[in-house]
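Got the viewer open? Keep the selection box handy, and we'll walk through this one stop by stop.

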Amino acid sequence: MAGSDGREPGAMAPGDPVVDAIGTEELAELAVELLDVCRKKRLMVATAESCTGGLVTACLTDIPGSSAAVDRGFVTYSNEAKTEMLGVPAALIAQHGAVSEPVARAMARGALARSRAHLVIAITGIAGPGGSAVKPEGLVHFACATRRGDLNHKRIEFGPIGRGAVRAAAVTHALRMLLEAAQA
């Protein structure tokens, strides 16, 4: 079945304007599929991004017609931004650190409360270089929340694969989580 942009699933390849804008065929296909599902179900998406710096929102908004399903993106790279823009309690960040399950969940709840979105993804992690034994390079926490009351968390250790690779892997995982939530 063709998507809303007339493309057949799996028909994207380098040279396709959407693939060229987004960077990889896999990301382009995930983003197009997510937007198609959201448009059909009249769902809006918002993001709360830290280590990905807005890359999830960029992936989605690189696709023509994305405004029908993308409400907004919060880039909350600093702890202060997480507190000011998303309402994440400073005490929660001080207790658990910015890269933690409680903070990812609070980011998702904050983005949901501060947007028109029906589903949101929050991402916080250590893209590298650096990290520690407790929070190694490549550790990323994801939280996906919906207006239905769902709030799912996933902790992934991508490993010390390099800053760009961690960020790209995080974007892919975030799109998959959003797609799963949209299809539910």
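How many helices and strands are there in the chain? Switch to cartoon and count: seven helices and five strands. Bear in mind as you go that this is a predicted model. Trace the chain from the N terminus and the elements come in the order α-α-β-α-β-α-α-α-β-β-β-α.

Before zooming in, put a surface on the whole chain. Its accessible surface comes to about 8,200 Å², with 54% of that belonging to carbon and sulfur atoms. Of the 184 residues, 51% count as buried. If you like contact maps, residues 24 or more positions apart account for 60% of the contacts with a separation of 6 or more.

**Stop one: the largest nonpolar core**

Hide the surface and select V56, L60, I121, I123, F142 and L175 as sticks. This core has 35 residues, and those six touch the most other members. Now colour the elements that give two or more residues to the core: α2 (25–41), α3 (55–61), β3, β4 (139–146) and α7 (163–183). Which of them gives the most? That's α7, with ten residues.

Centre on L175 next. Leaving aside residues up to four places away in sequence, L175 touches L27, L30, A31, L34, V56, C59 and L60. Apart from this core lies another one, of 20 residues; to find it, pick L86, V88, A104 and A145, which are among its members.

**Stop two: helix α4**

L86 takes us straight to the next selection, residues 79–86, which make up α4. Which residues of α4 are buried? Show A81, K82 and L86. Look down the helix axis and you'll find these buried residues within an arc of 100 degrees, so they line one face of α4. Spin to the other side of α4 and you meet E80 and E84, both exposed.

What covers the buried residues of α4? Bring back the cartoon for β1 (45–49), β2 (70–75), α5 (90–96), α6 (101–113) and β3 (119–125), all included in that cover. Before leaving, click on G87, just after α4: G87 takes a positive phi of about 75 degrees.

**Stop three: salt bridges**

Time to look at charges. Side chains of opposite charge can pair when their charged atoms come close. The structure holds seven salt bridges, and we'll visit a few.

Start with D71 and R72, whose closest N and O atoms are 2.6 Å apart in a salt bridge. Is D71 buried or exposed? D71 is buried, because its relative accessible area is 17%, under the 20% cut-off. R72 is partly exposed, with a relative accessible area of 33%. Add R116 to the selection as well: D71, R72 and R116 are linked in a network of salt bridges.

Move along to α6 and show R105 and E101, whose side chains meet in a salt bridge at 2.8 Å, N to O. Both residues lie in α6, four residues apart, or about one turn of the helix. An α-helix has 3.6 residues a turn, so residues three or four places apart point the same way. R105 is partly exposed, at 23% relative accessible area, and E101 is partly exposed too, at 32%.

End the tour at D150 and R148. They form a salt bridge whose closest N and O atoms are 3.0 Å apart. D150 counts as partly exposed, at 33% relative accessibility.

Technical notes:
Residues numbered from 1 in each chain as written. Predicted model: local features only at pLDDT ≥ 70, side-chain atom pairs only at ≥ 80, totals over all residues. Heavy atoms only, no water. Buried < 20%, exposed > 50% of the residue type's maximum accessible area, 1.4 Å probe, protein only. Contact = heavy atoms within 4.5 Å. Areas by Shrake-Rupley, 256 points an atom, 1.4 Å probe, with all protein chains shown as cover. Arc of directions from axis to C-beta. Core = buried A, V, L, I, M, F, W, Y, C linked by side-chain atoms within 4.5 Å. Salt bridge = Lys/Arg side-chain N within 4 Å of Asp/Glu carboxyl O.
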